[in-house]
Amino acid sequence: MVRRLPGRRRINAIEPEAAHIQRLHEHIDRANRIALVDPIVETFRQSRLLAIRRLKETLHHFPANSARVAGFHTAWTHSGSRALITDACYLKFRRIGFLAAEELPMNTISQKLPLDAEEPQALVLGDSIVDWLVYDERTENAEKSLAWTSPLSRDDWYHSEGFNMHQCVAGAAAIHAMLWANNIPVSGSAFREHLRLSNTGSIFVLRKRANAGGNEEERTREYLPVKSPGQSWQKLGKLKEYAKVSIDRKETWRVEDSLLRKRKVKYAEFFDFSKEEQPTSVQAICLWDVNRGFFPVREDEIVKWKDQQRRLIGWYVGLGSMPPIIIRTSDPNRFGPFLRELAKQAVRPTVVLVCALTQLDDGNLRGSGTWSDVWALVYDYLKRKRYSYLFKSADDWGFHVVVPVYEDGVIWIGPGCWPIQNEDRKHESLRDDKRPLGRLFALPGAQPGLSEFEEHSRTIGVHTLLTHAILEQLVKKPKGTNFDLPIRLGLMRSSRLRSRGYCDPEELFKIEDRPNYHIGLPREVWKEECRDATDLLLLFKIKDAATKQRPGPYEVECKFASRESTGLRIFTTMEKKMEDEFVASPKNCICVAGDVKEIPDFKKMHWIPIEGNKCMLPLDSFARNQIETFKVRQRISMQFGNFAMADPDEAAPILDLAQRIRQHVLCNRYNSPNKASVFNFALFGSPGSGKSFLAREIARSIDPNGLIFSQDDEYNLSQFTDLSQLTDAFEAIASKSVGGKVPFVLWDEFDTVIDSQRGGWLARFLMPMQDAHFFEDRERRPIGTAVFVFIGGTFPTAMEFRNWACQTKKEGEKPPESVLLKARDFHSRLYTALDMPSILEEDTCPNDHSGRRCQIFSTEWDNSYTKLARAVLLREFFRKKPEVGNKVFLTRVHPDLCRFLLAIPLRHGARSLQRIVEACLVSKPSSVSMLHLPPPHFLAEHIETNNVRRGKRIGMTIEEMLAACRSRN
């Protein structure tokens with residue numbers, strides 16, 4: 001450490017003495033900060049130093065901007081709880097630097113439970129990790145790279161400023177600390193005196209980023225009870241003073257960079273269970289394994305691992321009571337010998353394995369697709385013969401396996417876990433899938449892999465929160481085997497963490513007995529009373545009266561649907577249901593279309609009643625967003641940004657396309673122009689179906705902050721009259737492909753007519769699409785890495801374009817037009833060509849051998865995703881501009897009007913539907929019904945009456961359509 005000068009000594013005659021002394025002391029402070037990071041050098045065994053400083057903790061400290069409320073100041077204790085300090089105590093603290101315990105409010109006195117209890121209710125054993133959270137507190141324009149450089153340079157001292165470094169526990173240590181902080185007696189291997197935690201974890205650099213949302217209210221991360229810090233959310237609700245209890249924050253901390261440890265570096269030493277004590281008070285056991293030492297499985301330690309598994313079963317059986325066990329591991333085979341011995345017990349104990357999809361089978365199950373695809377993949381993997389110890393019999397499971405699917409949902413496979421009712425469990429539907437299929441819990445509007453496209457996707461501690469929620473229930477209810485609620489709570493807390501980010505350094509929960517260690521997760525996702533705002537969201541009185549669905553993560557209940565093909569598995573034939581009806585039934589479609597009523601004074605209120613209780617619960621923007629959208633999001637298949645997808649078969653290809661574009665961009669954005677490539681795909685659909693909107697949502701999901709894609713790159717080829725205009729467009733695109741920027745170009749109506757030829761522009765794109773080059777005045781010029789989106793204008797579907805483009809010349813015949821236009825070559829350069837979700841239900845016309853298709857008018861259907869897609873669009877149209885000033889005038893849409901708008905055939909697709917809705921709202925009614933429909937001459941412009949079929953009859957009048965819908969009132 002560098003010592004300060006004992007007295008003032010002026011070195012530079014030009015520099016004022018005070019300024020010189022201040023600069024010298026700052027220089028010494030920087031040197032001391034660098035000296036404090038020696039542990040990290042030893043950890044990473046690097047000869048070069050990561051220059052970051054530590055925060056010097058005090059016994060009780062104040063936030064940077066300490067707010068004074070009614071004679072009190074806000075302070076923090078060692079345990080991280082918030083306290084109100086009087087003015088006198090505040091002045092004393094500023095003078096002497098600490099306060100006695102009796103000078104603090106009663107609710108801020110630290111925990112009395114020991115960190116390692118003698119009679120624990122929970123026992124946590126496994127790999128304990130200490131990660132470094134590095135808060136980058138520098139300005140936005142500061143250099144955002146960490147340099148491993150020599151500490152002897154003044155530049156390093158400069159770069160060391162603005163970093164705030166904390167040690168945060170993870171793995172088994174995090175589970176242990178959270179249980180202890182929630183007053184649950186716990187013991188384990190993490191905090192024992194003879195087992196010191198080593199600083200062998202990873203480094204995560206956190207930076208402040210704007211929260212998701214369009215305005216300040218939507219960007220709020222949390223609502224904290226600043227007026228009564230010692231009281232829980234429910235206690236606050238019982239008070240009569242419903243004051244706003246929010247802290248609005250435009251920015252929160254997000255993980256920006258990560259320096260992960262190598263796999264061969266151990267987190268913990270081998271543990272000998274033969275020496276472990278056997279407490280009789282244990283209610284539940286948690287075994288945490290990340291293959292980093294505690295449970296060794298390396299090739300040179302197989303013998304040691306098998307011996308440990310043998311001793312583990314002996315130690316567990318010696319407990320006598322056989323308490324339930326939760327095992328967080330990468331694969332069930334990691335505890336194969338232990339589970340095989342448990343399966344031989346006369347009475348099997350409750351065992352829950354938490355195995356992430358991305359870790360099963362060494363990550364080979366990782367991938368995207370529909371929930372049915374991933375579900376079948378997991379089920380087939382676990383029913384292999386090598387996992388026979390998971391079976392209880394030929395038609396049931398013996399243990400529970402909880403599989404988190406990214407951060408989008410959880411598949412729970414275990415004894416008696418069925419997603420369908422008894423009447424659907426027939427041989428013709430199940431075939432070889434005799435054991436329970438499991439239960440699926442999903443976030444509203446999520447598909448597997450969608451979380452990777454969220455604005456803030458990288459999170460730490462998601463699986464920890466899920467494991468902690470299940471373990472807490474096992475401690476409180478050791479004999480309980482229904483993990484419905486803890487799974488949904490774990491998903492809810494993880495969703496909040498991803499949506500609202502991490503806490504400030506001052507809010508980290510400090511572990512008192514280990515003053516250098518903290519719990520890095522925000523309190524509102526794990527700490528009792530603080531997490532009530534998250535957990536009680538699942539208990540709100542606000543719910544769909546028809547389906548009893550509540551906000552937040554939900555269980556996907558299914559119903560068997562017959563299919564024409566007899567070879568389809570049960571996973572393909574199951575469809576989501578609501579209140580024993582298919583999710584796209586008329587009842588559910590009408591519910592979605594008419595979902596326009598918001599909570600009274602929703603934007604003004606910060607409180608909401610709790611079911612079965614007269615008290616009120618303080619809300620935050622996360623809770624309000626969940627409440628506003630759960631009716632529609634729990635019915636649709638995927639909410640991709642602001643674009644809603646009804647049919648899961650249509651959602652999966654779009655998600656796969658987005659993942660492929662992201663991979664292309666991240667791998668090629670910094671390539672030189674001569675080595676660049678262009679990613680090409682096409683979208684087809686009726687006018688107004690949202691082709692351009694979906695393309696922009698894909699770009700926004702990959703680049704939410706606008707750092708990758710260039711803006712305003714859209715060209716309508718129907719407006720081009722000369723080839724030079726296309727060359728000018730290529731030149732403009734090439735000028736933007738610099739500095740890592742990737743042009744995301746929309747070529748609207750690319751299949752339009754030029755020179756009296758349909759698709760005449762296609763041949764001009766062959767070279768740019770294949771080689772990322774174009775010719776300008778006989779000079780070959782590079783375009784650079786880019787994404788080309790071709791939006792169809794004359795071909796209504798991708799199949800029609802494919803059939804036209806892929807025609808071949810027949811012998812003795814004149815070559816087709818598409819062959820001359822090189823359409824087949826153009827089609828071969830496309831990664832994919834997708835159709836937009838259709839809102840028109842069509843079929844071939846009866847007794848018409850020409851193949852002509854007509855729209856179907858129907859007010860009854862079993863499960864139509866086309867109708868559900870139209871219902872989602874109607875909801876958007878009704879909610880778009882139903883207000884005058886700040887007052888919303890539309891509060892109800894009558895079911896008969898919803899039924900009419902869902903059933904009618906449309907001349908111009910979505911645009912016709914939008915015009916009809918706008919006409920209904922001209923008079924600004926509070927309750928809109930069929931009485932508000934525009935006159936017949938207006939409807940005739942937008943409703944198809946000739947090319948429409950009802951039953952076997954072709955053609956209907958508008959009056960007949962109105963009568964068919966009114967007859968159901």
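The following exchange between a biologist and a modeller concerns a predicted model and the terms used to describe it.

Biologist: Why is F191 called buried?

Modeller: The relative accessible area of F191 is 4%, and since buried means under 20%, F191 falls in that class. As for its setting, F191 lies in the loop between β9 (186-188) and β10 (203-210), and its C-alpha atom is 7.2 Å from that of L115, although 76 residues separate the two along the chain.

Biologist: What makes β9 and β22 (554-555) edge strands of the sheet?

Modeller: The sheet is open and has nine strands, in the order β9-β5-β12-β13-β14-β17-β18-β19-β22, with mixed pairing. Within it, β9 and β22 each have a single partner strand, so one side of each is left without a neighbour in the sheet.

Biologist: How do you know that β5 and β12 pair?

Modeller: Pairing requires at least two bridges between the strands, and β5 (residues 122-126) and β12 (residues 284-288) are joined by five bridges in the parallel sense, so the requirement is met. One position to inspect is V124, whose bridge partner in β12 is C286. Two helices then pack on the sheet: helix α5 (residues 172-181) touches β5, β9 and β12, and its direction makes about 160 degrees with that of β5, while helix α7 (residues 302-317) touches β5, β12 and β13 (325-328), its direction making about 165 degrees with that of β12.

Biologist: Why is the pair of Y381 and Y387 called tilted?

Modeller: The count of aromatic pairs comes to 38, and Y381 with Y387 is one of them, at 5.2 Å centre to centre and with 55 degrees between the planes. The centres have to lie within 6.5 Å, and planes under 30 degrees apart would count as stacked and those over 60 as edge-to-face; an angle of 55 degrees belongs to neither class, and the pair is therefore tilted.

Biologist: Are Y381 and Y387 buried or exposed, and how do you know?

Modeller: Y381 has a relative accessibility of 1% and Y387 one of 0%; because the limit for buried is under 20%, Y381 counts as buried, and so does Y387.

Biologist: What makes R758 a charge over the ring of F795?

Modeller: R758 lies over the face of F795 at 3.6 Å from the ring centre, and the distance criterion is within 6 Å. Another case is R435, whose charged end sits over the ring of W397, 6.0 Å from its centre.

Note on methods: Residues numbered from 1 in each chain as written. Predicted model: local features only at pLDDT ≥ 70, side-chain atom pairs only at ≥ 80, totals over all residues. Heavy atoms only, no water. Helix = DSSP H or I, 4+ residues; strand = E, 2+ residues; numbered from the N terminus. Buried < 20%, exposed > 50% of the residue type's maximum accessible area, 1.4 Å probe, protein only. Contact = heavy atoms within 4.5 Å. Axes fitted to C-alpha atoms, helices over the stretch in contact; angles between N-to-C directions. Phe/Tyr/Trp six-rings, centres within 6.5 Å; stacked < 30°, edge-to-face > 60°. Lys NZ or Arg CZ within 6 Å of the ring centre and 35° of its normal.
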